[in-house]
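Q: Could you take a close look at one helix for me, and then walk me outward to the contacts and the ligand? I'm new to this, so plain words please.

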Amino acid sequence: MAGTVPVATSLKDIYTDDALAEQTGRWDRLLKEFKTNYGRNPQFVSRSPGRVNIIGEHIDYSLYSVLPMAITADVILAVAVIENAHASEGHYKIKVANVQSAKFPAHEFEIPYGSVDIDATVHEWTNYFKSGLRGALALLRKQHGTDFKPKSLEILMDGSVPAGGGLSSSAAFVSASALAVMYANGETSVDKTALTELAIVSERAVGVNSGGMDQSASVFSLRGSALYVSFVPSLTARPVYFPASNPELTFVIAQSFVVSDKHVTGPVCYNLRVVECSLAAAYLNAIISKGHPLPADSGPLGISLHGVQDVYFKDSNKPVSEQLSELISLVGSTLTKEEGYTREEIAEVIGLTVPELNERFTSTFPVRAEKFMLRQRALHVYTEVVRVLQFLSILEDPKSHLDADSGSSTETFNCKLGDLMNETQDSCRDFYQCSCSELDQLCAIARRAGSYGSRLTGAGWGGCSVHLVPADRVEAVKKAWETEYYSKLNLTEEQKAGAVVVSKPGSGSAVYVVDGDTVI
Ligand code: ATP
Ligand code: GLA
Ligand code: MG
């Protein structure tokens, strides 16, 4: 699936037929508003979608493979290059506006040629654009030399991925921004892998030490398939198809309307989990692979639980599933403290002083914790890796997962997939502690109404849930949520309309060259 980002000539290349009419209206409005704002037509639109993660939660930053898919909701950025921007000497100008101008006010920046400053302490929407800009410029400089002079740009954004809703509006925004900057600066063939890699690293500049799943799903996805993304030995992605099933399977995404702001909660939620997984890796490795240090890798803190597996089984030819079972029992017998580990306890085992540990693991992204729950986090990660592999093998070898006596029904196959998703939810709730009571409720309601499998998706602590529902039960599940959950919240009409989405796998990033006042 490597290759270059497609340049679309029609919205038909981007959206499924059922979405075309609505999207054409939306894109035409974007072009019109661009002209009203800036007095000219944009030259192109860069587009990147949100994603829903089907299975493989909170394991991407431990460098284990995940299975997300792109959704229809996306970020579109209309862009024009300004030739005479009248910027100060040594600077270029970036004007960014948003169709939701009250919520996301317009800004104009003069940026020095050499560097892009991002203040991660301020939660400002344009930081996401700047992080895409910074990443794209680093790549352009690598290609064209350090005195490369970026072009001045006018940009208008329209994002339809709910912000902070677990469907990765942020990665859609950063990927679309980086793509826009590359294309505007003359890169008409943008390599998907290079774009994804730079988007992964540059999004961290906003203050969340995230993994690489969201950007990969946003850039690489192909319409009609989920995406199996792997991070080692290098970033790769391949399509995974859902076989025909009876009853037919659908993915239903349901909002909890609990907004989880990762910037605010990072020190006790997301960023803390990244630290806990990295410390678990260091601690476990120090005990089970004495004298064999963890190799530096592309994990956000430079080592990973995947690295522990690589070191421990370096000379082994055991099948991966057996390696993982052994690691799970080693976690059980090595990381025995249910109540968590103090910095002192960890530092002693991994051969650092406490200040060294703080400097190494908690200085770039500060965290607040007295104890680190190494046992629970490592158990979640290794058991989740097993679930991803089982899910994939069920999808790719459906026949061996069918009950031979059940005729044309694929009920056993459907249930096996659903069970794995339910187990993920249990593990996220109990071991990883990234669920919340609202997400638990949405899952319980859906299962009672006929969902095969229900779980949180994305970072959790709020945001969205994903449900594997037989097509003939979708209405029943929706109705149950309405009566038992949504009717109890004070939702606006817009929120009600967006609360539940039946999602088909959508396509990834694209550029659309604008010709005239409307799109085709
Ligand atoms: P998750 O990472 O859990 O999947 P998410 O990516 O939607 O969910 P965040 O990573 O917290 O959530 O990113 C949300 C931020 O992205 C918003 O606070 C805002 O700054 C920016 N953003 C998202 N959508 C838009 C938009 N349409 N316009 C402007 N900024 C947006
Ligand atoms: C967020 C991050 C991803 C991933 C998920 C949890 O969406 O951006 O990298 O870690 O959480 O699976
Ligand atoms: Mg995000």
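A: Let's start with helix H2 in this predicted model. Of its 19 residues, 14 are buried, so H2 is largely enclosed by the rest of the structure. Buried here means under 20% relative accessible area. You can also check its length: H2 runs over residues 126-144, and at 1.5 Å a residue it should span 27 Å, which agrees with the 26 Å between its end C-alpha atoms. Right after H2 comes Gly145, with a positive phi of about 100°.

Now for charged pairs. The count of salt bridges comes to 22. One of them joins the side chains of Arg26 and Asp74, with N and O 2.8 Å apart. Arg26 sits in helix H1 (residues 17-38) and Asp74 in strand S3 (residues 67-82), so this pair ties together parts that are 48 residues apart in sequence. Arg26 counts as buried because its relative accessibility is 8%, and Asp74 is buried too, at 0%.

Next, find Arg377 and Glu276, whose salt bridge has its closest N and O atoms 2.7 Å apart. Arg377 belongs to helix H12 (residues 374-396) and Glu276 to helix H7 (residues 270-288), so the link spans 101 residues of sequence. Arg377 is buried at 3% relative accessible area, and Glu276 is buried at 1%.

Stay on H12 for a salt bridge between Arg387 and Glu384, again 2.8 Å from N to O. These two are three residues apart in the helix, which means about one helical turn separates them. Arg387 is buried, with a relative accessible area of 7%, while buried Glu384 has 0%. Elsewhere, salt bridges that share partners join Arg26, Arg47, Asp74 and Asp158 into one network.

Finally, the ligand. Ligand 1 is surrounded by 21 residues, and the closest are Gly164, Ser168, Ser169, Ser170 and Lys262. By class, that shell holds nine nonpolar, ten polar and two charged residues. Strand S6 (152-159) and helix H3 (169-184) each supply at least two of them, and H3 gives the most, with three. A polar side-chain atom of Ser169 is 2.6 Å from an oxygen atom of ligand 1. For Ser170, an N or O atom of the side chain lies 2.8 Å from a ligand oxygen. Leu167 joins in through its backbone, where a polar atom is 3.5 Å from an oxygen of ligand 1. On its own, ligand 1 has 640 Å² of accessible area, and the protein covers 93% of that.

Methods
Residues numbered from 1 in each chain as written. Chains lettered and ligands numbered in written order. Predicted model: local features only at pLDDT ≥ 70, side-chain atom pairs only at ≥ 80, totals over all residues. Heavy atoms only, no water. Near = heavy atom within 4 Å. Polar contact = N/O pair within 3.5 Å; in protein donor to acceptor, adjacent residues only side chain to side chain. Areas by Shrake-Rupley, 256 points an atom, 1.4 Å probe, with all protein chains shown as cover. Helix = DSSP H or I, 4+ residues; strand = E, 2+ residues; numbered from the N terminus. Nonpolar A, V, L, I, M, F, W, Y, C, P; charged D, E, K, R; others polar. Expected span 1.5 Å × (residues − 1). Buried < 20%, exposed > 50% of the residue type's maximum accessible area, 1.4 Å probe, protein only. Salt bridge = Lys/Arg side-chain N within 4 Å of Asp/Glu carboxyl O.
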